[in-house]
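Me: I'd like to talk through a protein model with you, one question at a time. Could you take a look and walk me through it?

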Amino acid sequence: HPPHPPTSLPTPPKLKPKPVVESDCAAWNCTCQGLSEKYHVIHYARSFGQAPPQAVRFWAKNKCRTNPKPITFRPPKAKKPLDDKILKSSKGKICYFVPTRSADDPKAIVLKKSWGRGLNQTFFLVTSDPESTQNSIDFEKQVINVAHRSYRDSHGEIIKGYDPEFIHVHGKICVKMMKFWEYLSSTFDDVWASRCSWFVRTDDDTWMNTRLLERRLRCINPDKELSVGFTNKAWGIGIFTSYSRAWIRSFAYFIRTFRGWAGTVWMQNDVDDRRLQQVVNSFGLWTRRIVYNNGSDFYTNIDGHTSDPNVINHQVQFAKSLTTDQLACLTFFHAARPHVMQALTKTIEAYVEDNAKTGKGVCDKHWKGKGMDQFVRLKIHEGCPSSRS
C-alpha cells in the first residue's frame, strides 16, 4: 500500500503575549539602597516598619547593608532661644532615665540604692501604670509615668500605643519609651531646660559609673545636636546613650514626623533603643562612641540575665578581680546581678573618698585607646582628652 499522504497539521493558535508582571522588588528599584529609602530600613537595626514580606526576603537574600539618606530638614524655628540664665543653671548637669516595670520593682530599688544613690532630682525611673491616662512627673519619688496603650502626643492628638494581643514584651517597652521621649521633649522648655544639659538612657540591669561618664560629657558641647554613648557593629546602639539638650528640644518633632511615615506598628516588635536609633539615624544623627574596649572601659555579659550559676559566678569573679583603679575607669557594668551592683557601688564610693583630695586622674591613659577617636574629636575644653594626650 502506498504511504498515506501527510495530513495537514492545524495552524497553532496565536498566543497572546503574557502580561509583564511587575517584579516584587520593582517598588524599590530592586536595590538595597532603594529598599532602605522607601521603608527607612537601617542595616544594623533591621527596623523594617511597614515593609512588606517580599522586602524583608529581598533584604536577607541580598545581604543588604545600606541606610536611607538622612532627612536634612529641621523643625520650623518657632521656639524662642532659651534664656542664658536657664542654660547656665543646667550647665554640666546630667539626668539619667531608666525604664523599669515599677518604682517598687526589686531592680528599681537596687538601682536607687546603688549607683542612683545621691543623684537627687537627676535620676528617674520611667514606668507605665496600666490604669493611668495622663503622663506625670513625681520629682520627690524620682518617677516619670507615661500613659498606657494610648497617649496624647506633643500636638495633643491621641496616638494608639499598641494592641496587647499582638505585641511582645520588648514592643511594650519600646512604645512606652517613645511616649516618654516625646513627653520629655514637649516639656523641655518648662521643666528640663534648667535641670539637665545631657539626657542619659540606660537599662535597669546596668551599673553606671556616673562620675566617669559625667567627666566625659562635660567635655562635649550640649548645644549641638549630638548622640553619644556605647555602640557596636552588631547592635549599633545599646546599654546607654546620651542625648544633648539641643537634640532633646526637637525630639518630639522628629518622633512625630517619623511616625507619620512609618505608622505606629514599627514600634511594636523590637527593643526601644534600636527603634529610637532608627529615628535618630533617619535625621542624620549617628551615635558616637565614648567608651574604650571590653574589660577595660566597660563590661558586658549578655548572658547575665540567666540564672545559670556558671554565668553568675563568672560575673561575680570578674567584679571581685577589679582593682579600685580599674573600677574607677569602668564606664558601665551591663547585665549586673543586684548584689554585684551594690558591691561595685560600695567599692567606687570608697575609692572616690580616698582620692577626693588628690584629684588623681587614673583614667587619662584610656583617652587615646581604640574606639576613642570619635570622642576626642568632640572635646571642647582645655584639660579634656585630645589626640595628642
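Me: Happy to start with a strand pairing. Which residue in β10 is the bridge partner of T202?
Reply: Keep in mind that this is a predicted model. Strand β10 covers residues 240-244 and runs antiparallel to β7, with five bridges joining the two. Within that pairing, the β10 residue that partners T202 is F240.

Me: Which strand does β7 pair with in the parallel sense, and which β7 residue is the bridge partner of C95?
Reply: The parallel pairing of β7 is with β1, residues 94-99, over four bridges. One of the residues to look at there is C95, and its bridge partner in β7 is F199.

Me: Why is β7 described as largely enclosed by the rest of the structure?
Reply: Look at the two faces in turn: W198, V200 and T202 are buried on one side, and F199 and R201 are buried on the other. Strand β7 spans residues 198-202, and it is largely enclosed because the number of its five residues that are buried is five.

Me: Is T241 buried or exposed, and what is its relative accessible area?
Reply: T241 lies in strand β10. Beyond its neighbours within four places in sequence, T241 is in contact with F199, V200 and R201, as well as S227, V228, G229 and T287. A residue counts as buried under 20%. T241 is therefore buried, with a relative accessible area of 2%.

Me: What is the strand order in the open sheet of three strands, and which strands are at its edges?
Reply: The order is β8-β13-β12, and the pairing is mixed. Strands β8 (207-208) and β13 (residues 332-334) run antiparallel, joined by two bridges, and M208 stands opposite F332 there. Each edge strand pairs on one side only, and the edges are β8 and β12 (298-300).

Me: Which residues touch the most other members of the largest nonpolar core, and which helix gives the most to this core?
Reply: The largest nonpolar core has 42 residues, and W115, L217, F240 and F333 touch the most other members. The helix that gives the most to this core, with five residues, is α12 (residues 338-355).

Me: What is W115 in contact with, and how many residues are in the other core?
Reply: Leaving aside neighbours within four places in sequence, the contacts of W115 include Y96, V98, F123, W207, M208 and M341. Apart from the core that W115 belongs to lies another, with L82, V126, I248 and F283 among its members, and its residue count is 32.

Me: How many aromatic pairs does the structure hold, and what is the geometry of W28 with Y39?
Reply: The structure holds 22 aromatic pairs. For W28 and Y39, the ring centres are 6.2 Å apart and the planes are at 70°. Planes over 60 degrees apart count as edge-to-face, so the pair of W28 and Y39 is edge-to-face.

Me: Where do W28 and Y39 lie, and what are their relative accessible areas?
Reply: W28 is in the segment before α1 (32-39) and Y39 is in helix α1, so the pair ties together parts that are 11 residues apart in sequence. Both are buried, with relative accessible areas of 2% for W28 and 16% for Y39.

Me: Why do F188 and F199 count as a tilted pair?
Reply: F188 sits in helix α6 (residues 188-192) and F199 in strand β7, 11 residues apart. F188 is buried at 1% relative accessibility, and F199 is buried at 0%. Their ring centres are 6.1 Å apart, and the pair is tilted because the planes are at 55°.

Me: Which ring does the charged end of R195 sit over?
Reply: Here the partner of the charge is an aromatic ring, with 3.9 Å from the charged end of R195 to the ring centre. The ring belongs to F139.

Me: How many residues of α9 are buried, and which residue with a positive phi follows α9?
Reply: Helix α9, residues 272-282, is mostly covered, with 10 of its 11 residues buried. Among them are D272, R275, L276, V279 and V280. The residue that follows α9, with a positive phi near 80°, is G284.

Me: To zoom out, what share of the protein chain is buried?
Reply: The chain has 13 helices and 13 strands. Of contacts between residues at least 6 apart in sequence, 69% join residues at least 24 apart. The chain exposes about 20,900 Å², with carbon and sulfur atoms supplying 52% of that area. Of its 389 residues, the buried share is 50%.

Methods:
Residues numbered from 1 in each chain as written. Predicted model: local features only at pLDDT ≥ 70, side-chain atom pairs only at ≥ 80, totals over all residues. Heavy atoms only, no water. Buried < 20%, exposed > 50% of the residue type's maximum accessible area, 1.4 Å probe, protein only. Contact = heavy atoms within 4.5 Å. Areas by Shrake-Rupley, 256 points an atom, 1.4 Å probe, with all protein chains shown as cover. Pairing = 2+ DSSP bridges. Core = buried A, V, L, I, M, F, W, Y, C linked by side-chain atoms within 4.5 Å. Phe/Tyr/Trp six-rings, centres within 6.5 Å; stacked < 30°, edge-to-face > 60°. Lys NZ or Arg CZ within 6 Å of the ring centre and 35° of its normal.
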